[in-house]
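Here is a short tour of one protein chain, written for someone who likes to look at a model while reading. Please open it and follow along.

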Amino acid sequence: MNSLLKSIEIIEAVSEHQPVGVGELSKLLEMPKSSVQRVLLTFQEAGWLRQAGGETTRWEIGPRVLAVRPNALKGGALQRAAREPMQELCKLVDETVHLSVPDGTDAMVLVEESECKQFVRTAYSVGDVSPFHATANGLALLAFMNEKQIATILARDLPKYGDRTINDPALIRAELERIRARGYSINLGQYRRAIYAIGAPIFDNNGVAVASVCISMPEQRFTESRIDEWARAVMEAAARISTGGVQG
């Protein structure tokens, strides 16, 4: 069992530090290089790890992990609680609905989607990651995270994805205050210029924000006069998901 746990630690370390060398992993995990190398080669044979860009001394996550991740993200209690409210929200507003969860304080991960029938619609896939500071789902959750988590996220070098991206921590904090006051977030092309979205947080049975849901649409269908209508619909869906058995 101990060797299995060590192997898991190695693959987690590769995921966090990739591309990473055997020597670096040995120091990080305080394990002999020979043991690390043996585990790396085993995972490589199984397709879970691969040599980075053909470099024999550096390693990264392999295609097997990338292939199973979307399936691993499906089917949990959160998704089961969210599926019906998301489908009804999608039908009501005729826009695509996304459910995302945090990957620690690193990013948001899309775990469920209800796709609208519009010919032109936003296109993401389960497993896609996105930043906290520039997306509706990210901001909706960030506003209700604890101060330590918020400080950790905002202390990073926050990238700008376009001229609409807000990456000044003080301005982001001001926006988080507005989100807390009104209960929803708005993304007006801050991450993908032509994509607008409105999101709301989802809470578990202990009142902790654990996920967020949003409607996402092309810029040309966004109408300012409908913000209140859309926001109410998103918040109602989020509330239904929160009371649908999401466990803490």
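The report below moves from the whole chain to a few residues and one helix.

**The ground rules.** This is a predicted model, where local features need pLDDT of at least 70 and side-chain atom pairs count only at pLDDT 80 or more, while totals for chains, interfaces and linings use all residues. Residues are numbered from 1 along each chain as its sequence is written, and side-chain values use heavy atoms, with hydrogens and water left out.

**The whole chain.** You will find nine helices and nine strands here; these are DSSP runs numbered from the N terminus, with helices being H or I of at least four residues and strands E of at least two. The C-alpha atoms fill a box of roughly 65 × 40 × 35 Å along the principal axes. Of the 248 residues, 46% are buried (buried means under 20% relative accessible area, exposed over 50%, partly exposed in between, with a 1.4 Å probe and protein chains only). The chain exposes about 12,900 Å², and carbon and sulfur atoms supply 52% of that area (Shrake-Rupley method, 1.4 Å probe; for residues, only the protein chains shown count as cover).

**Two domains.** The chain is divided into domain 1 (3–66) and domain 2 (75–243), with bounds from an automatic or database domain assignment. Their C-alpha centres lie 33 Å apart.

**Two residues to compare.** The table sets Ile8 beside Leu40.

| Residue | Helix | Relative accessible area |
|---|---|---|
| Ile8 | α1 (residues 2–17) | 37%, partly exposed |
| Leu40 | α3 (residues 33–46) | 0%, buried |

Ile8 joins Leu4 and Leu5 in a nonpolar surface patch, with about 260 Å² of accessible area together. Patch members have over 30% relative accessible area and no salt bridge, like charges being joined within 9 Å and nonpolar side chains (Val, Leu, Ile, Met, Phe, Trp, Tyr) within 5 Å; a salt bridge is a side-chain nitrogen of Lys or Arg within 4 Å of a carboxyl oxygen of Asp or Glu.

What does Leu40 touch, leaving aside its neighbours within four places in sequence? Leu40 is in contact with Ile10, Val14, Val22, Leu25, Leu49 and Trp59, where contact means heavy atoms within 4.5 Å.

**Helix α9.** This helix (residues 227–242) has 16 residues and reaches 22 Å from its first C-alpha to its last, close to the 22 Å expected at 1.5 Å a residue; the expected span is 1.5 Å times one less than the number of residues. Its buried residues include Trp230, Val234 and Ile241. Among the elements covering the buried residues of α9 are α5 (77–93) and β8 (195–203).
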